[in-house]
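Student: I have a structure open and I'd like to go through it piece by piece. Can I ask you about it as I go?

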Amino acid sequence: MNAADLLWGVFPYIVLTIFIGGHIYRYQKDQFGWTTKSSEFLEKKWLRIGSTLFHWGILFVFAGHIMGLIVPVALYNSLGVSQHFYHNMAIIFGVPAGIAALVGLVLLYWRRVSVKRIKATTTTGDWLTLIFLGLVIVTGLTATGMNVDSHGFDYRTTIAPWLRGLFVFNVQPELMQTVPIWFKIHIYASFALYVIWPFTRLVHVFSFPLRYLRRSYVIYKRRVPVKKMG
Ligand code: HEM
């Protein structure tokens, strides 16, 4: 087994095992700590701006990753979407989304350092979350920046089938051979994030309150003072 097999064939499964196992462990051991750990009551204004920018940015980045890595290039080809058009769209939508997420994250970081009460309640896990998220976003933007040239490298025929292969146990490390280093650094930065993920507030990503959408209304009524008789 060579280094490429280890890096792109073995380590991804170690990371995935820690990610899934970590979530099961956390759920068993710390169900009541499974939360966003909101700090809204300590500071509202910067949270609203930073958090909104970050979450909207990440949502678009996530959608972009699904379109580039999960949807096979053959589908785009059959729809007549050229590589040139796809690449331009990925940059026009991907870069602003990545920058919004980064600016949001920097605001959230700055808020944590500058608001005393928040700094005091910030755990090591919270700092690591901010740092690793920042690292993944910066390396992602760097990879995109290094590949702006439309004749550049096409990740939809290399990274994408490698990634999809992992999920169906069709391991193909050789697909990563020609991938530029910036993308490799980005993927490994994301691996580091997945390893800490289950032990941080990031677990809230899997707690979207679906039941909330279907639950019956909570009825609030004005309390009418009872008139004294007699
Ligand atoms: C195994 C997991 C991942 C892979 C294989 C991957 C792959 C890629 C690729 C191929 C690009 C270039 C897109 C382009 O230039 O059009 C990219 C960009 C980017 N990635 Fe990732 N990524 C992964 C995880 C993540 C995660 C977890 C985040 C965020 C937390 C992230 C954030 C970004 C950002 C901000 C960019 C810059 C362009 C954009 O906004 O889409 N990536 N990634």
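Student: Which helix gives the most to the shell around the ligand?
Tutor: H6 does, with seven residues. Keep in mind that this is a predicted model.

Student: Which helices each supply at least two residues of that shell?
Tutor: H2, H4, H6, H7 and H8. In residue numbers, H6 is 124-146, H7 is 159-167 and H8 is 181-196.

Student: And which residues come nearest to the ligand?
Tutor: Ala-90, Gly-94, Gly-98, Gly-140 and Thr-144, out of 27 residues around the ligand.

Student: How does the shell around the ligand divide by class?
Tutor: There are 17 nonpolar residues and ten polar ones in the shell, and no charged residues.

Student: Changing topic to the helices. What do people use to describe two packed helices?
Tutor: The angle between the two axes and the distance between them.

Student: So what are the angle and the distance for H2 and H4?
Tutor: H2, residues 45-70, packs against H4, residues 83-114, at about 145 degrees. Their axes are 7 Å apart.

Student: Is the crossing of H2 and H4 left-handed or right-handed?
Tutor: Left-handed. The residues of that contact comprise 18 nonpolar, eight polar and one charged.

Student: Now the inside. Which residues of the largest nonpolar core touch the most other members?
Tutor: Phe-54, Ala-101, Leu-105, Leu-133 and Ile-137. That core has 17 residues. H2, H4 and H6 each supply at least two of them, and H4 has the largest share, with six residues.

Student: What is Ala-101 in contact with, leaving aside its neighbours within four places in sequence?
Tutor: Phe-54, Gly-57, Ile-58, Val-61 and Ile-137. Two of the names there, Phe-54 and Ile-137, also came up for touching the most other members of the core.

Student: What does the second core include?
Tutor: Trp-8, Ile-159, Trp-162 and Phe-183 are among its eight residues, and this core is separate from the one we just discussed.

Student: Back to H2. Is Gly-68 buried or exposed?
Tutor: Gly-68, which is found in helix H2, counts as buried because it has 21 C-beta neighbours inside 10 Å. The cut-off for buried is 20 or more.

Student: Which residues is Gly-68 in contact with, leaving aside neighbours within four places?
Tutor: Ala-90, Tyr-155, Arg-156 and Ala-160. Ala-90 is also one of the residues that come nearest to the ligand.

Student: How far is Gly-68 from Lys-44?
Tutor: Their C-alpha atoms are separated by 35 Å, and the two are 24 residues apart along the chain.

Student: What about Gly-134, where is it found?
Tutor: In helix H6. Gly-134 is partly exposed because 17 other C-beta atoms lie within 10 Å. Gly-134 and Arg-117 are 17 residues apart in sequence, and their C-alpha atoms are 23 Å apart in space.

Student: Let's do the loops. Where does Leu-42 lie?
Tutor: In the loop between H1 and H2. Leu-42 counts as partly exposed because it has 15 C-beta neighbours inside 10 Å.

Student: Which residues does Leu-42 touch, not counting those up to four places away in sequence?
Tutor: Val-115, Arg-117 and Ile-118. Leu-42 and Arg-117 are 75 residues apart along the chain, but the separation of their C-alpha atoms is 6.7 Å.

Student: And Phe-41, buried or exposed?
Tutor: Exposed, because Phe-41 has 8 C-beta neighbours inside 10 Å; the cut-off for exposed is 12 or fewer. Phe-41 has its place in the loop between H1 and H2. From C-alpha to C-alpha, Phe-41 is 9.9 Å from Ile-118, with their positions 77 residues apart in sequence.

Student: What is the phi of Lys-37?
Tutor: About 55 degrees, which is positive although Lys-37 is not a glycine. Lys-37 lies in the loop between H1, residues 3-29, and H2. Lys-37 is partly exposed, because it has 14 C-beta neighbours inside 10 Å.

Student: What about phi of Phe-169?
Tutor: Near 60 degrees, also a positive value in a residue other than glycine. Phe-169 is in the loop between H7 and H8. It counts as exposed because it has 7 C-beta neighbours inside 10 Å.

Definitions and conventions
Residues are numbered from 1 along each chain as its sequence is written. This is a predicted model: local features need pLDDT of at least 70, side-chain atom pairs count only at pLDDT 80 or more; totals for chains, interfaces and linings use all residues. Axes are lines fitted to C-alpha atoms, for helices over the stretch in contact, and angles run from 0 to 180 degrees between N-to-C directions. Helices (H or I, at least four residues) and strands (E, at least two) are DSSP runs, numbered from the N terminus. A crossing is left-handed if the near helix is turned anticlockwise from the far one by less than a right angle, and right-handed if clockwise. Ala, Val, Leu, Ile, Met, Phe, Trp, Tyr, Cys and Pro count as nonpolar, Asp, Glu, Lys and Arg as charged, and the others, Gly among them, as polar. A residue is near a molecule or strand if its C-beta atom, placed from the backbone, lies within 6 Å of it. A nonpolar core is a set of buried Ala, Val, Leu, Ile, Met, Phe, Trp, Tyr and Cys residues joined through C-beta atoms within 7 Å. Two residues are in contact if their C-beta atoms, placed from the backbone, lie within 7 Å.
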